[in-house]
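Here is a short tour of one structure, meant to be read with the sequence and the 3D view side by side. Please keep both open as you go.

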Amino acid sequence: MIAPALILFTLFLVYPVIYSLGFSFTKFQGFGSPEFIGLQNYISLGQDPFFWRALQNTVIILIVSIVLLVPGSFALALLLRRKVPGGGALRALVFGPAIIAPILVGLIWVFILDPKIGLLNRLLGFVGVAPVQWIGGDTLTPYAVALVFIWGSIGFAMTIFYAGRQVLPEDVMEASELDGATGFQQLRYVTIPMMRETFAIVTILMITSVFKIFELVYMLTGGGPVHRSETLVSYMYFTTFTNQKYGLGMALAVIITVLGAVVSVAYLALSRERKTA
Amino acid sequence: MSFSITTAGRARRLAAAALVTAAAMGSLVGCSSSSSASDGPTTISLSMQNPDVKTADPATWAIIQAFEKANPNVKVEVTGEAVAEHLQKLSIAAQSDTLPDVFWVYKSNAEDMLKGGKLMNLSPVLSELGLSDKFPKSTVSNFTSGDAIYGVPYQGLLTGLWYNKKILQDNGLQVPVTFDDLLAVAKKLKEKGITTISNGANQSAFSVWSFLTDLDRFGYADKIDGILNSTGSFNNADFLRLYQHIAELRDAGAFASNVSTQTYQQAVDQFTSGKAAMLDAGVWGSSAIQKSSVAGNVGFWAGPQFKDGVGNQNIIMNVASAPLVVSAKVSKDNAKLAAVKKFIAFYYGDEAQQMLVDNGQPPVTTYKPKVDPSSQSALRAALDAASAPGVSSPESQPDLLVSTPVANAMYDSIYGVIQNQLTPQQAVDLVQAAVQSK
Amino acid sequence: MRTTRTDVIDESMSTDLTGTTPEHQKPKRTRRRAAAIASGAVAYLITFLVVLPLLWIVLLSFQPSGNILGNPFSLTNLTLDNYLTVIGSLPLLKMYGNTVLIAVVAVSVGTAISFTAAFALTRMIFRHRKVQSSLRFYILAGLAVPVYILLFPVYRLDLAFGVFGTYAALILPYIAVSIPFNTLLLTGFLREFPSELEEAAIIDGAGLGRLCWTVVLPLMRPVIATILIFNVVYVFNEFPFASILINNPDMVTVSLAVSRFQGQYTVDYGGMMAAATLVLLPQLVIYALFQKQVIAGMTVGAVKG
């Protein structure tokens with residue numbers, strides 16, 4: 001019963017990764033024929049300041065997003081589970097941003113964050129605050145990208161928490177209430193521990209999604225100025241398709257895949273340790 | 001507690017799942033259309049660098065329509081993507097031997113494909129059709145590698161700065177000639193809060209055409225071979241001076257405050273809505289300008305002359321852009337070959353060249369076009385600038401002479417200074433580093 | 001025996017809101033009510049903040065193009081022109097038809113095979129336990145793969161299988177990409193979910209197939225609904241595969257058509273915002289419908305109590 005999934009997955013996901021891994025050891029411009037150069041692409045990346053900048057930006061986005069998004073969406077799921085009038089509509093509205101294609105999300109936020117034509121600076125202008133370079137400057141862009149990412153994902157994460165809460169057996173919850181547990185105690189000692197897997201699901205999904213952020217940056221700044229706001233994938237896109245260094249781009253893609261997997265596994269290992277401790 | 005399952009149960013599940021998948025796939029594969037019959041009209045595929053050729057590239061669209069009308073036995077199947085996706089697709093297709101028959105591609109990629117035997121040598125076709133002498137000499141030499149001509153010019157690349165006469169007049173300014181004039185204009189307009197040169201780096205780092213011409217005003221054509229074979233360097237005193245001038249322009253407030261987040265299209269929009277005095281672009285912008293409210297007030301300027309420049313300062317960039325090339329597979333299919341020949345003959349015939357002009361493009365052959373002075377005033381201005389007495393053109397645009405990574409580094413170096421992210425020295429170093437990393 | 005949604009609410013109300021609580025707990029009751037009102041207010045506030053940008057798009061979608069960059073707050077010249085442009089130039093019927101077809105096949109097949117796989121990975125004893133958990137990690141590692149690594153090889157696979165130019169060219173990679181995500185959710189929830197019920201069913205003599213489909217599946221309804229929602233959204237928004245694997249204009253998907261629209265009307269921001277609104281609406285409706293399933297799970301869960 002596992003075979004169909006395993007076959008399709010291996011064929012269309014694992015095989016391509018191995019295929020691209022092969023290319024990462026070559027010099028290949030996309031149109032000629034690939035030439036084996038060993039680890040040269042990985043070495044060049046290590047010496048490329050733009051790569052390190054992209055990594056730094058991705059880490060900033062990762063930290064900001066995880067710290068705000070996981071507790072935030074969990075709290076929101078619990079809030080919306082209570083009998084709030086119109087709760088269903090609220091849930092649908094919060095989920096709204098998660099439905100919009102990332103490329104459109106980026107476009108929408110250009111109209112909010114652009115230092116000259118954006119909504120935010122216009123509003124700040126009304127109260128006399130000088131324009132802030134939310135995007136396109138030297139420093140703020142990754143934080144702005146994190147904000148937009150959170151906006152686009154909160155409904156997504158909230159829905160998973162919501163579903164996770166729904167499958168908890170009601171009898172356990174009721175028993176704890178009858179035992180006189182306060183709302184907070186119930187949350188701390190019953191709900192959160194029982195939803196450990198859900199937390200793992202959301203966190204891993206968010207980690208791997210952050211490592212794949214591309215369209216947001218592409219629309220907001222195009223990675224600029226001079227690659228200062230690239231994320232790993234946007235820089236990989238630039239390297240592979242704009243700069244046509246296919247081999248180098250695949251080396252970068254391999255690094256992204258490994259990083260995403262390692263961070264996710266590290267999280268799993270850490271959370272398991274805490275469970276046994 | 002969990003449980004194990006019987007082998008029979010597993011097999012049944014597996015079979016059922018496989019059956020569902022197979023049935024779904026089978027019915028979907030069945031939907032695909034079978035390949036076209038051999039006795040009908042010949043179809044040639046044409047793949048372009050615009051997502052929607054009909055609206056984004058009306059000149060090509062008009063030529064295709066007229067061609068199909070004149071040749072009812074040939075059907076042209078046009079497809080297109082934005083440049084990045086188009087190149088991505090071509091790269092994948094080249095590796096899989098599924099290239100379209102005729103397509104747009106960058107010169108450096110075309111040369112790689114030629115080496116790989118993926119492109120047709122057009123030299124015999126051009127002589128057979130009597131077209132060899134209809135192209136300017138520089139165009140043919142541009143698309144020649146060894147003794148093969150691998151491409152024909154798609155459209156002309158006539159670039160410079162469009163300017164708004166009214167904004168200049170209202171502020172008591174003349175159309176600049178030298179760089180110092182331009183600097184003075186920028187300072188004056190800055191006081192009024194008007195952008196002097198409209199451009200945008202977001203997803204369009206390549207939109208630095210007027211500065212590429214400036215490189216030629218600092219001896220690029222003579223230096224580039226040395227730079228590429230390591231006897232010279234992009235990090236030289238002349239280029240450094242140019243980048244220092246770009247920094248002076250930036251400090252004078254010539255550029256929009258949101259140049260980093262603005263796209264090229266937004267930059268055009270700023271100019272056509274009368275909010276910027278100049279637009280860094282080329283002749284392809286003439287149709288948008290013609291349709292806008294500033295149409296009556298627009299002129300075309302070849303760009304500043306530098307008193308500390310190198311060589312001839314009175315130049316304008318008027319060269320062939322990227323080529324149209326033909327897949328090598330076409331030569332193995334007689335019907336297709338005949339159809340492609342007909343298409344090339346038509347594209348470079350006078351009727352089609354006039355269509356280019358009617359759609360705001362300069363002709364790419366030696367054809368002398370008819371331009372309506374009022375309804376095509378913008379195009380007229382550009383063509384006049386290109387044929388002004390004493391003006392000459394470089395053989396090619398600087399970025400077309402180098403590999404794609406070096407070209408991208410050039411764009412980044414220029415925008416890096418404009419956006420105040422790179423010093424002039426860092427800018428030339430960036431390009432030199434790209435040249436050295438083979 | 002099925003309880004309805006109202007039964008459940010009544011039941012939960014009886015534990016904390018009705019008069020059955022003893023007198024001495026009254027202060028706690030008012031405190032709870034205050035907390036409920038406060039949390040309601042917070043929920044509304046957060047929702048408002050999240051929705052604000054959406055409202056901004058909707059407002060812009062009614063603005064004439066000149067206003068968007070100049071005077072976007074103006075409410076005087078609102079127009080339907082942008083929608084007319086979009087409806088006139090987007091192949092609405094075609095793009096929704098294609099996308100729905102692809103989504104239905106990819107999502108149903110993808111969810112079905114992921115469900116059986118996840119069931120096997122959490123509920124069946126493999127001869128070696130290590131094999132089971134390694135298989136799970138093997139599939140979950142797929143989450144970390146960025147799509148751009150896949151484009152070129154998948155294109156070649158499609159050619160090799162002779163499916164290029166058919167819907168299957170897109171459906172196969174869509175299923176493959178959805179497998180790690182589905183597996184993460186399904187195995188996670190299945191592990192969290194107690195197995196006593198299944199044991200009871202086994203004792204009652206249920207076969208494995210019946211167990212998987214008639215006992216576990218219904219209990220997992222909220223999760224399955226969540227997976228369906230996310231997978232449908234993924235297919236609707238997927239662009240990189242679609243742009244490489246679809247050559248035929250008759251087979252455009254929603255995301256492809258919208259991106260072409262964007263390429264074509266690069267500075268028609270009003271048009272783009274209208275397009276975004278038009279694409280968003282049907283998907284919100286789909287979400288609202290599936291969401292009922294997420295809630296329905298609550299009643300099933302309550303049956304056990």
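In this predicted model, the centres of domain 1 and domain 2 of chain B, taken over C-alpha atoms, are separated by 30 Å. Domain 1 covers 42-153 + 321-347 and domain 2 covers 157-316 + 375-436 of chain B; these bounds come from an automatic or database domain assignment. Residues are numbered from 1 along each chain as its sequence is written, and chains are lettered from A in the order in which they are written. Local features need pLDDT of at least 70, side-chain atom pairs count only at pLDDT 80 or more, totals for chains, interfaces and linings use all residues, and side-chain values use heavy atoms, with hydrogens and water left out.

**Two interfaces**

The table sets the domain pair of chain B beside the pair of chain C and chain A. Contact means heavy atoms within 4.5 Å, and buried area is the accessible area (1.4 Å probe) that two parts lose on being put together, summed over both.

| Interface | Residues in contact | Buried area | Share on carbon and sulfur |
|---|---|---|---|
| Domain 1 and domain 2 of chain B | 7 residues and 6 residues | about 560 Å² | 51% |
| Chain C and chain A | 95 residues and 96 residues | about 8,500 Å² | 78% |

On the chain C side, C:Tyr148, C:Ile149 and C:Glu192 supply 9% of the area that chain C buries against chain A, more than any other three residues. Helix H2 (residues 26-61) of chain C gives the most to this side, with 17 residues; helices here are DSSP runs (H or I, at least four residues), numbered from the N terminus. By class, the side of chain C that touches chain A has 73 nonpolar, 14 polar and 8 charged residues. Here Ala, Val, Leu, Ile, Met, Phe, Trp, Tyr, Cys and Pro count as nonpolar, Asp, Glu, Lys and Arg as charged, and the others, Gly among them, as polar.

How many salt bridges does the rule find between chain C and chain A? It finds 0, a salt bridge being a side-chain nitrogen of Lys or Arg within 4 Å of a carboxyl oxygen of Asp or Glu. The rule does find 7 residue pairs in polar contact across this interface (both at pLDDT 80 or more). A polar contact is a pair of N or O atoms within 3.5 Å; within protein, one must be able to donate a hydrogen and the other to accept it, and residues adjacent in sequence count only if both atoms are side-chain atoms.

Between the two domains of chain B, there are 0 salt bridges and 0 residue pairs in polar contact (both at pLDDT 80 or more). Helix H5 (107-115) and helix H7 (137-142) of chain B each supply at least two residues of the domain 1 side.

**Helices of chain B**

In H5(B), the buried residues include B:Lys107, B:Asn109 and B:Leu114, where buried means under 20% relative accessible area (1.4 Å probe, protein chains only). Just after H5(B), B:Gly117 takes a positive phi of about 70°. Helix H13 (residues 264-272) of chain B is largely enclosed by the rest of the structure, because 7 of its 9 residues are buried. Among them are B:Tyr264, B:Val268 and B:Phe271. B:Gly274, just after H13(B), has a positive phi of about 75°.

**A buried asparagine**

A:Asn121 is found in helix H6 (residues 119-126) of chain A and is buried, with a relative accessible area of 7%. Its side chain reaches the backbone oxygen of A:Pro115 at 3.0 Å and makes a polar contact with the side chain of A:Trp134 (2.9 Å).

Methods:
Buried < 20%, exposed > 50% of the residue type's maximum accessible area, 1.4 Å probe, protein only.
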